[in-house]
2 protein chains.
Amino acid sequence: MATGRTHRPATRSRGIPEATVARLPLYLRALTALSERSVPTVSSEELAAAAGVNSAKLRKDFSYLGSYGTRGVGYDVEYLVYQISRELGLTQDWPVVIVGIGNLGAALANYGGFASRGFRVAALIDADPAMAGKPVAGIPVQHTDDLEKIIKDNGVSIGVIATPAGAAQQVCDRLVGAGVTSILNFAPTVLSVPDGVDVRKVDLSIELQILAFHEQRKAGEETAGEEAVTASVPKNTPKGPDGDVPVVMPA
Amino acid sequence: MATGRTHRPATRSRGIPEATVARLPLYLRALTALSERSVPTVSSEELAAAAGVNSAKLRKDFSYLGSYGTRGVGYDVEYLVYQISRELGLTQDWPVVIVGIGNLGAALANYGGFASRGFRVAALIDADPAMAGKPVAGIPVQHTDDLEKIIKDNGVSIGVIATPAGAAQQVCDRLVGAGVTSILNFAPTVLSVPDGVDVRKVDLSIELQILAFHEQRKAGEETAGEEAVTASVPKNTPKGPDGDVPVVMPA
DNA sequence: TGTTGTGAACCATTTCACAGCC
DNA sequence: GGCTGTGAAATGGTTCACAACA
């Protein structure tokens with residue numbers, strides 16, 4: 001969902017399909033759980049079940065990374081955890097700033113899973129002078145005036161926008177101007193960014209509307225007499241990696 | 001079970017592609033903004049720009065809904081707003097419950113865009129007895145014990161899960177048992193649900209990891225020639241080839 | 001034997017390009 | 001002349017099915 005032309009045409013063998021990239025975090029999470037239970041190896045079938053995908057897809061996904069499995073046996077859990085982490089760039093530290101410390105921004109700052117995987121909240125930024133200095137999740141909020149300096153001092157390349165929609169584009173422009181090249185946008189707006197900058201968006205309202213669409217169709221289904229089909233609707237939204245079937249996961 | 005011969009006859013005529021459905025909310029938002037500015041008509045080019053897609057895609061998307069445009073002129077804004085709203089099921093009221101009123105759940109409850117389009121927060125539910133009765137966003141929190149009753153009394157078919165990961169599956173099971181057929185999951189877990197139940201997930205950590213992947217790639221771009229780590233690397237070595245820092249994540 | 005890795009078939013989505021209509 | 005609506009081509013992603021191999 002990057003905007004416009006992102007990075008490079010040089011379609012090297014190094015090119016991992018976007019759909020695969022989007023599933024790697026899912027595999028990683030399932031693998032981490034296995035690792036914590038000291039499970040040494042896992043088959044594609046088991047891991048796929050834990051990640052909620054089918055095994056053929058998982059094997060194909062892994063084949064883009066290399067041949068990390070052992071035929072007749074499966075995959076070494078620790079080894080895969082490391083390889084996927086490395087592929088995702090999680091073996092390095094990613095300082096992140098959150099801009100807009102309202103309800104949502106504060107919730108994000110407090111979100112634990114944030115820090116756990118190489119991401120570190122380097123700074124919180126808000127436009128309200130009254131918030132300046134107040135600690136949220138143990139981190140003092142800084143004023144928007146210092147945005148550029150904060151970005152540069154901390155070497156931030158990933159920014160999270162949790163401002164109201166009206167402020168989002170302006171904040172985005174400043175982040176990009178200061179050197180941020182990846183943005184996670186929670187504001188309900190389409191952001192416009194130059195080439196080379198990635199934007200991903202998270203939008204509650206859109207997700208609900210998509211659910212409503214399917215919900216409405218389910219309701220109308222009983223009355224639609226012509227279809228003999230339908231023991232199951234095309235559930236499951238093949239948009240990203242889907243949340244669908246199985247299982248597990250502690251903490 | 002998902003593995004059985006699932007030869008499902010494709011749902012024809014009424015079948016709007018999932019990718020199109022996922023973009024309708026985007027179009028709707030852009031159209032609503034135009035409507036508020038009293039713009040009477042838009043071309044596919046203009047609307048596409050506002051929604052952040054290209055115009056061919058937009059026209060193709062609209063063609064699945066019907067022929068709502070006028071050649072040589074464009075689309076009537078009000079008319080399209082209505083058609084898309086109807087298609088998405090937003091002309092009816094959708095009572096929603098939020099389960100798990102922590103930082104995130106409270107932020108969601110306070111989120112304005114929620115109520116704006118047919119979605120109404122019918123109840124807030126939390127497992128902590130100490131929260132019971134306390135108002136969040138003007139709505140009193142109710143205890144999990146009453147979950148089933150709340151769902152039924154309010155005719156809720158959409159549930160939002162904002163609990164810790166460990167509680168999510170159990171909450172999900174109870175929601176589904178009580179009649180919920182669409183779930184928006186904020187907990188970092190793969191939920192298992194029966195056929196006919198839709199799950200969409202929103203996962204901050206996954207989004208960041210996807211960004212990190214691209215970010216890493218950008219960084220490696222200038223200094224090309226990344227060495228290929230491949231099958232020649234001995235397995236069972238959770239250590240990188242060279243001095244790479246192997247970060248195996250903690251909880 | 002059991003399970004991976006992968007061509008090849010299949011399916012979905014995007015993009016192109018232009019005919020059709022205002 | 002301008003803009004929509006849509007076949008057809010191109011691209012991207014998923015699933016099948018089986019050979020390779022520890």
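Guide: A polar contact here is a pair of N or O atoms within 3.5 Å. Keep in mind that the model is predicted.

Visitor: How far is the polar side-chain atom of Arg23(B) from a phosphate oxygen of DNA strand C?
Guide: The cut-off for a polar contact is 3.5 Å. Arg23(B) offers a polar side-chain atom to a phosphate oxygen of DNA strand C, at 2.7 Å.

Visitor: Which elements give two or more residues to the surface near DNA strand C?
Guide: Both chains take part. Chain B supplies α1 (18-36) and α3 (55-65). Chain A supplies α3 (55-65), β2 (69-70) and β3 (74-76).

Visitor: What part of DNA strand C does the polar side-chain atom of Arg71(A) lie 2.9 Å from?
Guide: Start with Tyr75(A), whose polar side-chain atom lies 2.9 Å from a phosphate oxygen of strand C. Arg71(A) is among the closest residues to that strand. Its polar side-chain atom lies 2.9 Å from a base oxygen.

Visitor: Of the atoms of DNA strand C within 4 Å of the protein, what share belongs to sugar or phosphate?
Guide: 24 residues surround this strand, with Ser44(A), Gly72(A) and Asn54(B) among the closest. Bases make up the rest of the strand atoms within 4 Å of the protein. The sugar or phosphate share is 63%.

Visitor: How many charged residues does the surface near DNA strand D have?
Guide: 25 residues surround strand D, and Arg23(A) and Arg71(A) are among the closest. By class, five are nonpolar and 10 are polar. The charged residues number 10.

Visitor: Which residue has a polar backbone atom 2.5 Å from a phosphate oxygen of DNA strand D?
Guide: Chain B provides several contacts. Tyr75(B) uses an N or O atom of its side chain, 2.8 Å from a phosphate oxygen. Tyr68(B) uses a polar backbone atom, at 3.4 Å. The backbone contact at 2.5 Å comes from Ser44(B).

Visitor: Is Gly105(A) buried or exposed?
Guide: UniProt, in an unreviewed entry, lists Gly105(A) under "binding site". The residue sits in helix α5 of chain A and touches Ile98(A), Gly100(A) and Ala162(A). Buried means under 20% relative accessible area. Gly105(A) has 0%, so it is buried.

Visitor: Which residues of chain B does Leu104(A) touch?
Guide: Leu104(A) is in helix α5 (residues 103-110) of chain A. At 23% relative accessibility, Leu104(A) counts as partly exposed. Within chain A, Leu104(A) touches Ala162(A) and Phe186(A). In chain B, Leu104(A) touches Leu104(B) and Ala107(B).

Visitor: Why do the buried residues of α7(A) line one face of the helix?
Guide: Helix α7 (residues 147-154) of chain A has Leu147(A), Ile150(A) and Ile151(A) buried. They line one face because, seen down the helix axis, they fall within an arc of 100 degrees.

Visitor: Which exposed residues are carried by the face of α7(A) turned away from its buried side?
Guide: On the buried side, the residues pack against β4 (94-99), β5 (119-126), β7 (139-143) and α8 (165-177) of chain A. The face turned away carries exposed residues, namely Lys149(A), Lys152(A) and Asp153(A).

Visitor: Which residue follows α7(A)?
Guide: The residue after this helix has a positive phi, near 60 degrees. That residue is Gly155(A).

Technical notes:
Residues numbered from 1 in each chain as written. Chains lettered and ligands numbered in written order. Predicted model: local features only at pLDDT ≥ 70, side-chain atom pairs only at ≥ 80, totals over all residues. Heavy atoms only, no water. Near = heavy atom within 4 Å. Polar contact = N/O pair within 3.5 Å; in protein donor to acceptor, adjacent residues only side chain to side chain. Helix = DSSP H or I, 4+ residues; strand = E, 2+ residues; numbered from the N terminus. UniProt positions renumbered as here; feature names shortened; annotations may be inferred. Buried < 20%, exposed > 50% of the residue type's maximum accessible area, 1.4 Å probe, protein only. Contact = heavy atoms within 4.5 Å. Nonpolar A, V, L, I, M, F, W, Y, C, P; charged D, E, K, R; others polar. Arc of directions from axis to C-beta. Lists of a residue's contacts leave out its neighbours within four places in sequence.
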